[in-house]
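Colleague: I'm new to this one and could use a guide. Could you take me closely through chain A and how it sits against its partners? Take your time.

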Amino acid sequence: MSKAAVLAPGSLSAPANIRRSSARVSNRTIILVCYIVFLMLPIYWMVNMSFKTNEEILSGLTLYPHNPTLRNYAVIFTDPSWYSGYINSIYYVTLNTIISLTVALPAAYAFSRYRFIGDKHVFFWLLTNKMAPPAVFLLPFFQLYQTVGLFDTHIAVALAHCLFNVPLAVWILEGFMSGVPREIDEMAYIDGYSFPRFFGTVFLPMIRAGVGVTAFFCFMFSWVELLLARTLTSVDAKPIAATMTRTVSASGMDWGLLAAAGVLTILPGALVIWFVRNYIAKGFALGRV
Amino acid sequence: MDMEWMAWTTPTAIFFVCIALMLAGMTVWEVMSPTVEAKGFLPMRTTRGDRLFIGLLSSAFIHLGWLAATDVSLWGAFAVSLAWIALVIRFG
Amino acid sequence: MDKVQDNRAWFLIIPVFLIVAFSAVIPLMTVVNYSVQEIFGPGQTFFVGTEWFEVVLADERLHDALIRQIIYSLAVLAIEIPLGILIALGMPGGRSAKTSLTLVLLALPLLIPFNVVGTIWQIFGRGDIGLLGATFRAIGIDYNYTNNSLDAWLTVLVMDVWHWTSLVALLCYAGLQSIPPAFYQAAKIDGASKWAVFRYIQLPKMRGVLIIAVLLRFMDSFMIYTEPFVLTGGGPGNSTTFLSQYLTQMAVGQFDIGKAAAFSIVYFLIVLLFSFIFYTIITRTGEGEKK
């Protein structure tokens, strides 16, 4: 099999637009557009509010800020705990994504290629951890990380988030890997590739869209999780979303500030998805999630 | 490392040792004579490990149901569960 | 694809096994230990046997929370799954800028931290300063999610739909993308109706991802905590107090650790049961497709 043929599964995409006949298209598109408007309205409202003064917010409903102000953002950016909040969050999320991918890649390969004692049961056990309510684990987690001396460190949050991200990563990657024909592995071994070399130079490039999608999901679930992150940190590794609650409760119900803080916590996620959008589209086009 | 917060008790320790032994035993059994998927009275094809898991999970609910419904000693539920697990593993 | 029997594959699993076991097994064991004891503080514990389990199983408020939870999760599924499919069907195919933009916009709610989702809806729903609340008042509906139980419950539900339907839509979209164009051409030649195409081509292809979507949405909604906590704090009354809220109140608020641990185990067993049923269905569906 030639190299080009080997790479073929990654470059397959279905130009599937034949299905749409004109009348029905518009109906479905209308639903889609309506839904996106429904998605954007609450976000717009928060962005809108973040540029208003509190007087304007409380004095009546205005659809756009009549006296746009940056005061809310100024308050946030002059407070040093905000910078560290951002850096903490991004630090542990990145750490978690790297750890999850590193351990999940070989495991997903094992699940997609081999049968071994207890394989199905281990796979199911991994999935149950994705389904375990974090509230169940809060107290023992706190104790555990305190005992091993990791409390209030970034690695603690990264490890704790592995509880649900590693199973998810294994699950998604296994799907992508099963889409790669076995013959490719065998060819590579016959050609004298060692396992690490085959995995790094042949196999990984073939499923890179899948790795991208997996990394995105890991980033996403680690970024949005707050319960564990807040339990395992106090000062040094406090996540941005927790900083937000504290800043707000300390200053009473300052709606403008609350909105600005919310906008700032949405931004990193929005940026990430904007940069990986093509990978996601490609990963989804492979049809293996 | 101080692990006192784990608050071990004898009964729970015995419980986990039993689980560990069961897993080890199943692994050894599997190595000696690999299981074959078979269809018993359960609605799907199962391996031995599947049937053990189903047996254990349903036993947990038998215990909970027993606690909720009766004041009789929990050993009753335990006996019922053992019989049930044996039944599932043999005929499931 | 036939897999090769090779127990050495375990070496590839070991890192995952260790990392997850560290975070899962030790805390789970600890919870089991707590559940049979009265905990006053470190080192001050008394063995109480199964007493906590009896208390938890007889707890009326817990029964209510469980029923509320099940109704809520079913409502979430009943709305999000069909809506997600509809949206996925309307998404542009191919690799155009339009597709990318749609994907980005749809995925945006998924990337908002849970507590900020609560904040967004808090701001959006309030009668005095929120667009939604104010609109309802303007057209004469007495809407107030902080006082009215039904309004609060509905707001939490709509918030969940807003937050998570995109996930269902994206998964279904992935399933739709895996359909070869030849299928549609064949259907067109046969003069198949839109409904027939959906029923006999699109739906079967989406079955795998749909079960994943149902599983994820059921489990996540069954564990919902942060969003309603921020939005309603579980109130008014107990109308939006779901299992996780109740559990956290018990463990953190009342410091009833033994009882909370027993509750955790019952909760976990329920989740485990549902997971197992769903998982069995998923794997069996996979087998059916191969044949």
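**A close look at chain A**

Modeller: Let's start with how chain A folds back on itself: of its contacts between residues at least 6 apart in sequence, 82% join residues at least 24 apart. Keep in mind that this is a predicted model. Chain A is built from 14 helices and one strand, and 47% of its 289 residues are buried.

How confident is the predictor here? The mean pLDDT of chain A is 79, with 84% of the residues at 70 or more. Going element by element, helix α1 (residues 3–11) of chain A has the lowest mean, 36, while helix α5 (residues 80–113) of chain A has the highest, 89. The pLDDT stays below 50 over residues 1–23 of chain A, a stretch that has 32 contacts in the model beyond near neighbours in sequence. I'd read that beginning with some care.

Now for the inside. The largest nonpolar core has 174 residues, and those with the most contacts inside it are Ala104(A), Ala107(A), Val170(A) and Cys172(C). Notice that this list takes in residues of chain A and of chain C. Helix α8 (residues 154–178) of chain A supplies the largest share of the core, 17 residues. Pick out Ala104(A) and look around: leaving out residues up to four places away in sequence, Ala104(A) touches Val166(A), Ala169(A), Val170(A) and Leu173(A), plus Val16(C) from the other chain. Another core lies apart from the 174-residue one. That other core has five residues, among them Leu52(B), Phe53(B), Ile54(B) and Val88(B). As a general point, nonpolar side chains in soluble globular proteins tend to be buried together.

Next, the side of chain A that faces chain C. Here 87 residues from chain A meet 84 residues from chain C. Helix α14 (residues 255–285) of chain A gives the most to chain A's side, with 16 residues. By type, chain A's side divides into 68 nonpolar, twelve polar and seven charged residues. There's a strand pairing between the two chains as well: strand β1 (residues 114–115) of chain A runs parallel to strand β1 (residues 4–5) of chain C, and two bridges join them. If you want to find the spot, Tyr114(A) has Val4(C) as its bridge partner.

A little further along the chain you get to helix α6 (residues 119–131) of chain A. Its 13 residues reach 19 Å from the first C-alpha to the last, close to the 18 Å expected at 1.5 Å a residue. The buried residues of α6(A) are Val122(A), Phe124(A), Leu126(A), Leu127(A), Asn129(A), Lys130(A) and Met131(A). Asn129(A) and Lys130(A) are worth a glance in that list, sitting buried alongside names such as Leu126(A) and Leu127(A).

Then comes helix α7 of chain A, where you'll find Phe142(A). Is Phe142(A) buried or partly exposed? Phe142(A) counts as partly exposed because it has 17 C-beta neighbours inside 10 Å, and being buried would take 20 or more. Leaving aside neighbours within four places in sequence, Phe142(A) is in contact with Thr231(A) and Leu232(A). The C-alpha atoms of Phe142(A) and Thr233(A) are 9.1 Å apart, although 91 residues separate the two along the chain.

Past that helix, look at Asp152(A), in the loop between α7 (134–147) and α8 of chain A. Asp152(A) takes a positive phi of about 65° and isn't a glycine. In general, most residues other than glycine have a negative phi. Asp152(A) has 15 C-beta neighbours inside 10 Å, so it counts as partly exposed.

Finally, a few words on the partner. Chain C has twelve helices and three strands, and buried residues make up 49% of its 291 residues. Its C-alpha trace spans about 75 × 70 × 30 Å along the principal axes. Chain C has a positive phi to look up too: Phe255(C), just after α11(C), with a value of about 55°. Chain C also meets chain B, through 23 residues of chain C and 17 of chain B. On chain B's side, α2(B) gives the most, with six residues, and the division is 14 nonpolar, two polar and one charged.

Technical notes:
Residues numbered from 1 in each chain as written. Chains lettered and ligands numbered in written order. Predicted model: local features only at pLDDT ≥ 70, side-chain atom pairs only at ≥ 80, totals over all residues. Contact = placed C-beta atoms within 7 Å. Helix = DSSP H or I, 4+ residues; strand = E, 2+ residues; numbered from the N terminus. Nonpolar A, V, L, I, M, F, W, Y, C, P; charged D, E, K, R; others polar. pLDDT = per-residue confidence, 0-100. Buried ≥ 20, exposed ≤ 12 C-beta atoms within 10 Å, placed from the backbone. Core = buried A, V, L, I, M, F, W, Y, C linked by C-beta atoms within 7 Å. Pairing = 2+ DSSP bridges. Expected span 1.5 Å × (residues − 1).
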